[in-house]
Amino acid sequence: MDSPLWIYLIGYSAQFFYTGRSIIQWYLTEKKGRIESPALFWIFSIIGSSILFYYGWLRRDVTILIGEYLSYYIYMWNINAKGLYKKVPSMIPWIQGFIPVVVAVVIFFHRHEFLAGFIQNEFMPLWLMILGLSGQLVYKTRFIVQWLYCHKRGESLLPLPFWYFAFAGGVLLITYGIIRHDWVLVIGQVGIIPTIRNIMIGLRTKSA
């Protein structure tokens, strides 16, 4: 499915933030010799997620919508764990938290149009949708693993299993993006390079 250039530009702007977070995190990890979880990683994540959700809506790609929806509140948790919400007006986290609820309500009241446009999509055969959803679920599971790991500790970290899921999900999403001719998704997975490097550093730190 091909789309107008302006839609792709929206997608690339989302990947700008996603790639930016990876570069910042990678740089700090290399500098300190251990896996870092910088605040900007989570700020860029929630910005990129919001933009990519809109891109997925324009592309009528339910796999992108589900993927971004799954990780949105975990981004918020990490931002809160970093103490960043204490530095902004209290209405900001409330607004951020309310946005996905509004989206869910809109989808519910327009569920027939949503099903027709996103699920019964002639450009999205069932097998391709399953591939995309599998990639998104594996890729976004890394944030669920990260949240479970960090919630007990009360701080925002990026444990080694996070990077295992990132690598496996990234490979699936690259495959899905190539088949669907979605180069926004393919280019967005440039983060697989720092992912591999984080796995190497994490394993080295673990064995030290």
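Reader: Why is His181 called partly exposed?

Author: In this predicted model, His181 has a relative accessibility of 42%. Partly exposed covers the range between under 20%, which is buried, and over 50%, which is exposed, so His181 with its 42% counts as partly exposed. His181 lies in the loop between H7 and H8.

Reader: What makes the backbone of His181 worth a remark?

Author: His181 has a positive phi of about 60° although it is not a glycine. Most residues other than glycine have a negative phi.

Reader: Which phi does Arg60 have, and where is Arg60 placed?

Author: Arg60 has a positive phi of about 55° and is not a glycine. Its place is in the loop between H2 and H3. Arg60 has a relative accessible area of 39%; this value is neither under 20% nor over 50%, and therefore Arg60 is partly exposed.

Reader: How do you know that Glu30 and Arg197 form a salt bridge?

Author: The closest N and O atoms of Glu30 and Arg197 are 2.5 Å apart. The cut-off for a salt bridge is 4 Å, so the pair with its 2.5 Å qualifies. Glu30 is in helix H1 and Arg197 in helix H9 (residues 192-207). With their positions 167 residues apart in the chain, the pair links distant parts of it.

Reader: Are Glu30 and Arg197 buried or partly exposed?

Author: Glu30 is partly exposed, at a relative accessible area of 35%. Arg197, at 23%, also counts as partly exposed, because buried requires a value under 20%.

Reader: Why is Glu36 called buried, and what is the status of its partner Arg34?

Author: Glu36 has a relative accessible area of 14%; buried means under 20%, so Glu36 is buried. Arg34 has 44% relative accessibility and counts as partly exposed. Glu36 and Arg34 form a salt bridge, with their closest N and O atoms 2.8 Å apart.

Reader: What makes Lys140 and Glu68 a salt bridge?

Author: Their side chains meet at 3.4 Å, N to O, and the limit is 4 Å; therefore the pair is a salt bridge. The two residues link distant parts of the chain, Lys140 in helix H6 and Glu68 in helix H3, 72 residues apart. Lys140 and Glu68 are both buried. Elsewhere, Lys32, Arg34 and Glu36 are joined into one network by salt bridges that share partners. The count of salt bridges comes to six.

Reader: How do you know that Arg142 has no salt bridge?

Author: The nearest side chain of opposite charge to Arg142 is Glu68, and it is 7.8 Å away. A salt bridge needs a distance within 4 Å, so Arg142 has none, and yet Arg142 is buried. Arg142 is found in helix H6 (residues 126-151). Beyond residues up to four places away in sequence, Arg142 touches Arg21, Phe162, Phe165 and Ala166.

Reader: Which residues have the most contacts inside the largest nonpolar core?

Author: These are Trp42, Ile46, Leu52, Tyr55 and Phe143, in a core of 39 residues. Among the helices that each supply at least two residues of this core are helix H1 (5-32), helix H2 (39-58) and helix H7 (160-179). The largest share, eight residues, comes from H3. In soluble globular proteins, nonpolar side chains tend to be buried together. Phe143 touches residues including Phe41, Trp42, Ile74 and Phe162, with those up to four places away in sequence left out.

Reader: Why is Thr195 called buried?

Author: Thr195 has a relative accessible area of 5%; the cut-off is under 20%, so Thr195 is buried. Thr195 is placed in helix H9. Leaving aside neighbours within four places in sequence, Thr195 is in contact with Trp163, Ala166 and Phe167. The C-alpha atoms of Thr195 and Trp163 are separated by 5.9 Å, although the two residues are 32 residues apart along the chain.

Reader: Which residues make the nonpolar surface patch, and what is the status of Val105?

Author: The patch of about 740 Å² is made by Tyr73, Phe98, Val101, Val102, Val105, Val106, Phe108 and Phe109. Helix H4 (residues 91-109) gives the most to the patch, with seven residues. Val105 is in helix H4. At 41% relative accessibility, Val105 counts as partly exposed. Patch residues need over 30% relative accessible area, so the 41% of Val105 passes that cut-off.

Notes
Residues are numbered from 1 along each chain as its sequence is written. This is a predicted model: local features need pLDDT of at least 70, side-chain atom pairs count only at pLDDT 80 or more; totals for chains, interfaces and linings use all residues. Side-chain values use heavy atoms; hydrogens and water are left out. Helices (H or I, at least four residues) and strands (E, at least two) are DSSP runs, numbered from the N terminus. Buried means under 20% relative accessible area, exposed over 50%, partly exposed in between (1.4 Å probe, protein chains only). Lys and Arg count as positive and Asp and Glu as negative; His and the chain ends are not counted. Contact means heavy atoms within 4.5 Å. A nonpolar core is a set of buried Ala, Val, Leu, Ile, Met, Phe, Trp, Tyr and Cys residues joined through side-chain atoms within 4.5 Å. Patches are made of residues with over 30% relative accessible area and no salt bridge: like charges are joined within 9 Å, nonpolar side chains (Val, Leu, Ile, Met, Phe, Trp, Tyr) within 5 Å. Accessible areas come from the Shrake-Rupley method with a 1.4 Å probe; for residues, only the protein chains shown count as cover.
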